[in-house]
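Trainee: I'd like a close look at just one loop here, the one with the odd backbone angles. Could you start there and then show me what else is worth a look?

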Amino acid sequence: MSSTTPDRHATEAKITWVKGTFGAAEPSWVINPDIRSIAKTIRTLDLLLEDSEIGGQGQKREIGRAANVPISAAGEDEQAYHDAQLSISFLAQGAFNKLYTVTLNSAAHELPESSIPCAQGARIRSFVLRISLPVDPIYKTLSEVATTRYIRERTNIPAPEIYAYEWRTSLGLEPPSSDDGPRSRRCNEIGFEWILMECMPGRQLRHVWDVLGWQAKEKLVDDLAGWCLDMFKLRAGKIGNLYQREDFNELDNRPGVETLGEGEYVVDRIVSMSFFWDKRLQMEGLSRGPFATAREWLQARLYALKSEYLEQSLDADLDEDDLEDLEFLNTLIEILEANLNEFFPAEEVAEQDSYALTHDDVTFQNLLLDSDTGDVTAFLDWECVSFIPLFKAASFPHVLQGRNHTGPRPDPAGYMKDEETGQPDQLYFEHLKEWEQTRLRERFLKTMEGLPGGQEWLHVFRDVQQRKKRDFELAVQQCEAQNIFAFLGVRNWLEKCKGPDDEYVSLWDILHG
């Protein structure tokens with residue numbers, strides 16, 4: 001078998017890391033997906049998907065189709081292709097992905113009935129094609145596919161169905177196919193890893209939150225509590241990510257360290273921004289798991305931070321302020337290293353099934369709602385979803401996180417007015433959102449209390465020792481975010497940890513005033 005190790009040169013030709021507005025590294029596209037290549041790839045999928053032995057496994061063979069595809073474009077992100085059978089248009093862009101809407105017209109072009117599933121009698125079939133930067137080549141794509149399918153099989157969470165995906169492009173050069181020389185490093189037409197998935201109905205929560213009625217928001221929170229508990233019940237004995245065995249068996253015959261279900265899934269190395277951000281993907285000596293204990297997981301993250309500090313401190317272009325900030329962060333890292341054993345003793349042994357599958361990016365962008373009924377229609381973005389310690393899994397979803405806003409509902413009369421619209425200024429809406437989130441967190445806990453199995457979630461959430469572990473991980477996050485303003489807060493929190501349990505104050509509350 002040929003090596004299935006990601007080709008570093010192939011990935012570096014597509015991605016670079018640049019300094020963002022606040023100096024932190026951000027991924028950037030060296031080259032952009034070509035709309036002609038996207039159209040060519042989509043045109044092959046009807047043939048690929050009609051073969052059950054090929055469907056869902058990526059491009060196994062080349063099929064000559066439509067060498068020249070017309071393109072209309074007003075700008076880079078406005079590329080679109082359209083003919084009687086196929087339409088492709090740019091949809092959105094995230095940190096690691098570009099999304100395209102793909103529409104097939106089966107009335108104009110008879111596709112095999114077994115090609116891509118659709119509603120009976122449907123003429124127009126819509127999909128989303130997600131093309132990914134190689135931030136963690138091969139593994140991010142394979143884990144997202146496996147996790148999405150695992151969730152669909154074992155819960156009622158409305159995750160999108162995945163129809164096809166491609167990961168082999170990150171392997172680099174293939175052998176020459178003729179005497180014309182080596183083939184391009186772009187091993188499929190698109191040249192990037194991609195996933196073709198169901199186009200889910202609904203609008204992003206961020207677009208409807210302000211007009212959503214209170215009862216609809218309560219129902220949303222009830223659904224989230226149930227889904228968070230569903231994921232909390234999905235357990236593994238290691239910290240890591242999920243993969244389909246049929247895919248994972250191709251990765252240099254690696255067996256996976258833990259088998260789930262009836263053997264169709266395995267848990268292995270973690271896919272997480274803490275382990276691939278910027279230069280960490282090539283960092284020597286950084287363990288990627290799977291980890292047997294939370295201590296190992298956190299030690300690896302602190303190792304990555306320490307290694308980054310040593311490299312950055314040698315940068316001759318840093319000014320005095322930058323060096324001072326680095327020293328602050330390094331001191332914070334050393335403080336956490338010195339206190340690691342206090343929170344996570346070396347002799348501590350993880351219990352069986354100590355780790356839960358957790359989607360820790362439940363944001364206003366990743367939930368779609370029916371704007372008429374307020375029902376959740378889609379739960380999106382299953383990349384970088386890992387089995388993590390229960391103390392971390394038992395947390396409020398991101399959409400409910402925010403400052404505690406006690407007291408009466410904010411009164412718009414007490415805020416400045418926008419001169420043009422006459423509406424209250426932005427501060428009013430921020431305070432209103434915090435006020436609503438505060439009450440919806442109470443609703444979340446009340447709902448969790450009434451769910452079968454919810455008591456275990458609540459025990460982990462409320463137990464002081466588990467809260468301290470959760471806050472220690474939050475302190476590590478502050479270092480990863482290079483938040484120098486957290487320095488005094490973490491020092492203060494560590495001091496308070498020495499006091500009685502009934503006087504414990506969380507790091508979250510300290511950092512957010």
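Mentor: Sure, let's start with Pro290, which is found in the loop between helix H7 (273-276) and helix H8. Helices here are DSSP runs of H or I with at least four residues, strands are E runs of at least two, and both are numbered from the N terminus. Keep in mind that this is a predicted model, in which local features need pLDDT of at least 70, side-chain atom pairs count only at pLDDT 80 or more, and totals for chains, interfaces and linings use all residues. Residues are numbered from 1 along each chain as its sequence is written, and side-chain values use heavy atoms, with hydrogens and water left out.

Back to the loop. The peptide bond from Gly289 to Pro290 is cis, with omega near 5 degrees. The loop between H7 and H8 also holds Asp278, which isn't a glycine and yet has a positive phi of about 55 degrees. These details catch the eye because most residues other than glycine have a negative phi, and most peptide bonds are trans.

Now follow H8 to a cavity. A cavity is a set of points on a 1 Å grid over the protein atoms alone where a 1.4 Å probe fits but cannot get out, and its lining residues have an atom within 4 Å of a point. Grid points are joined across faces, edges and corners, and a volume is the space filled by probe spheres set on the points. That gives 2 cavities of 30 Å³ or more, and the largest has a volume of about 100 Å³. H8 (294-312), H9 (320-343) and H13 (464-480) each supply at least two residues of its lining. Among the lining residues are Arg280, Tyr309, Asn330 and Cys479. By type, the lining of the largest cavity splits into 6 nonpolar, 3 polar and 3 charged residues. In that split, Ala, Val, Leu, Ile, Met, Phe, Trp, Tyr, Cys and Pro count as nonpolar, Asp, Glu, Lys and Arg as charged, and the others, Gly among them, as polar.

Another positive phi turns up at Cys384, near 60 degrees, in the loop between strand E16 and strand E17 (386-389). Cys384 is buried at 19% relative accessible area, where buried means under 20%, exposed over 50% and partly exposed in between (1.4 Å probe, protein chains only). Cys497 is buried too, at 12%. As for disulfides, meaning pairs of cysteine sulfur atoms within 2.5 Å, the count is 0.

E16 also takes us to a sheet: 3 strands form an open, antiparallel one in the order E9-E15-E16. E9 (203-204) and E16 (376-379) stand at the edges with a single partner strand each, so one side of each has no neighbour in the sheet. Strands pair if DSSP finds at least two bridges between them, and 2 bridges join E9 to E15 (residues 367-369). One of the bridge partners is Leu369 in E15, matched with Arg203.

For a covered strand, try E7 (residues 162-166), where 5 of 5 residues are buried. E7 runs antiparallel to E8 (residues 193-198), joined by 4 bridges, with Ala164 partnered by Leu196.

Terms used:
On a 1 Å grid over the protein atoms alone, a cavity is a set of points where a 1.4 Å probe fits but cannot get out, and a pocket is an open set with protein on both sides within 12 Å along at least five of seven lines; lining residues have an atom within 4 Å of a point.
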